[in-house]
Amino acid sequence: MAVEKPHLNLAVIGHIDHGKSTMVGRLMFETGAVPPHIIEGYRKEAESKGKATFEFAWVMDNLKEERERGITIDIAHKRFDTPKFYFTVVDCPGHRDFVKNMITGASQADAAILVVAAPDGVMEQTKEHVFLARTLGITQLIIAINKMDAAKYDQKRFEEVKKDLSALLQMVGYKPADTLFIPTSALQGVNIAKKSPETAWYTGPTLLEALDTLKEPEKPTDKPLRLPIQDVYSISGIGTVPVGRVETGIMKKGMKVSFMPANKEGEIKSIEMHHEEIPQALPGDNIGFNVRGLAKGDIRRGDVCGPVDAPPTVADEFTAQIVVLQHPSAITVGYTPVFHCHTTQTACTFVELKKKLDPRTGETKEENPTFIKAGDAAIVQVKPTKPMVIENVKELPQLGRFAIRDMGSTIAAGMCIAIQPKQMR
Ligand SMILES: Nc1nc2c(ncn2[C@@H]2O[C@H](COP(=O)(O)OP(=O)(O)OP(=O)(O)O)[C@@H](O)[C@H]2O)c(=O)[nH]1
Ligand SMILES: [Mg+2]
């Protein structure tokens with residue numbers, strides 16, 4: 001087998017309709033991952049269904065409802081290659097009702113492209129996605145200021161949107177000066193694979209060139225295996241096949257594994273990535289694997305796979321450091337929103353508000369506050385309403401970060417800084 005290029009997981013994020021799916025379709029087209037005749041077929045079909053211009057988006061939007069509504073609902077994984085890397089790209093939904101799917105997508109990413117339509121500029125989910133990307137640990141961000149064709153390729157408009165975005169990045173902790181801002185038209189293919197006379201004023205890299213400036217994430221292979229389950233299939237002739245991404249450690253054939261909090265065990269029979277069998281899987285690999293001794297109903301999304309001798313930690317309670325993004329009133333003890341952590345979504349109760357912190361410096365502002373509200377940072381004690389795997393961010397950062405959601409919006413995000421484990425055996 002040819003030596004594989006380094007692998008990166010890339011999330012494409014941004015407000016609804018700003019052109020994320022179109023951008024991914026365009027990237028796949030320009031890199032040869034989808035042939036022109038497929039796009040041409042989609043173009044004709046989309047036109048005949050009154051969905052003209054969605055031909056690139058349809059590469060990603062496969063669900064019937066997605067095509068009819070012209071929006072992305074679930075996350076989709078696709079592969080494309082640049083000279084330096086191969087990418088697994090996760091196209092995230094922009095619609096506010098599907099932010100939970102975006103969180104799952106972003107929690108698997110090493111880097112993100114933020115797509116912002118030039119005519120609209122910074123919108124509600126632009127802010128929410130940037131905040132979530134940051135708190136979910138995505139350190140590398142590339143910005144495509146898209147639909148430049150609909151803004152007459154106007155440099156002034158580009159600079160305005162760039163300025164607003166820079167303020168947003170600064171606020172959540174990205175460095176605008178180290179971030180690439182690229183004027184694009186995903187629809188017309190401008191500054192994706194090649195530059196265009198339309199943006200003669202722009203001297204920076206194309207989007208594909210920018211992607212090759214990303215850094216390969218360090219592979220935490222010296223840590224214990226952690227693989228959060230994203231889905232479980234039952235495949236005839238093979239058996240139970242959980243799928244997910246290796247976050248830390250190495251999964252090898254023959255290894256004895258345990259699934260928590262399901263508290264089930266089995267032995268790895270085979271591992272598959274991109275439809276090819278592989279002997280072992282490393283951090284960042286999106287895989288399906290077959291486990292001896294496991295039935296489909298034994299485990300589900302949200303369970304985490306680890307070695308039997310160092311199983312994933314199930315929390316009875318944990319201490320969290322959080323930042324409150326928005327909340328209609330105040331958060332007090334007893335509040336029970338949903339925590340989105342790796343692939344689990346678990347309702348957890350705030351059992352104690354320990355400290356209120358200055359969000360910028362981290363210094364304590366108040367001990368045992370009676371409430372916290374939007375804009376506050378805090379240290380809180382949390383009790384999951386049912387068993388849930390979470391890890392200390394200092395040991396396994398990939399499983400220590402989460403977002404907190406309630407009534408369809410993101411309330412807060414944070415990380416786990418201490419755990420009271422639940423005895424499972
Ligand atoms: N003019 C123009 N239109 C574009 C461009 N990119 C995307 N669009 C159009 O914008 C609409 C929405 O595109 P999508 O790619 O589905 O947007 P999205 O961000 O994936 O939307 P959600 O997944 O629902 O959040 C479609 O009509 C696209 O053809 C662009 O560069 N220029
Ligand atoms: Mg989409």
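**Ligand 1**

I looked first at the backbone of Ala-186: one of its N or O atoms lies 2.9 Å from an oxygen atom of ligand 1, a polar contact (a pair of N or O atoms within 3.5 Å). I noted that the protein covers 92% of the 650 Å² of accessible area that ligand 1 has on its own (Shrake-Rupley method, 1.4 Å probe). The model is predicted, so I kept to its limits: local features need pLDDT of at least 70, side-chain atom pairs count only at pLDDT 80 or more, and totals for chains, interfaces and linings use all residues. Residues are numbered from 1 along each chain as its sequence is written, chains are lettered from A and ligands numbered from 1 in the order written, and side-chain values use heavy atoms, without hydrogens and water.

I then checked side chains. An N or O atom of the Asp-149 side chain is 2.8 Å from a nitrogen atom of ligand 1, and one of the Ser-185 side chain is 3.2 Å from an oxygen atom of the ligand.

I found 19 residues around ligand 1, with Lys-20 and Thr-22 among the closest (a heavy atom within 4 Å).

**Helix α7**

I turned to helix α7, residues 155–172 (a DSSP run of H or I, at least four residues). Its end C-alpha atoms are 26 Å apart, which agrees with the 26 Å expected for 18 residues at 1.5 Å a residue (1.5 Å times one less than the number of residues).

I recorded Asp-154 as the N-terminal cap of α7, with a side-chain oxygen 3.1 Å from the backbone nitrogen of Lys-156. Just after α7, Gly-173 has a positive phi of about 110°.

Conventions: Polar contact = N/O pair within 3.5 Å; in protein donor to acceptor, adjacent residues only side chain to side chain. Helix = DSSP H or I, 4+ residues; strand = E, 2+ residues; numbered from the N terminus.
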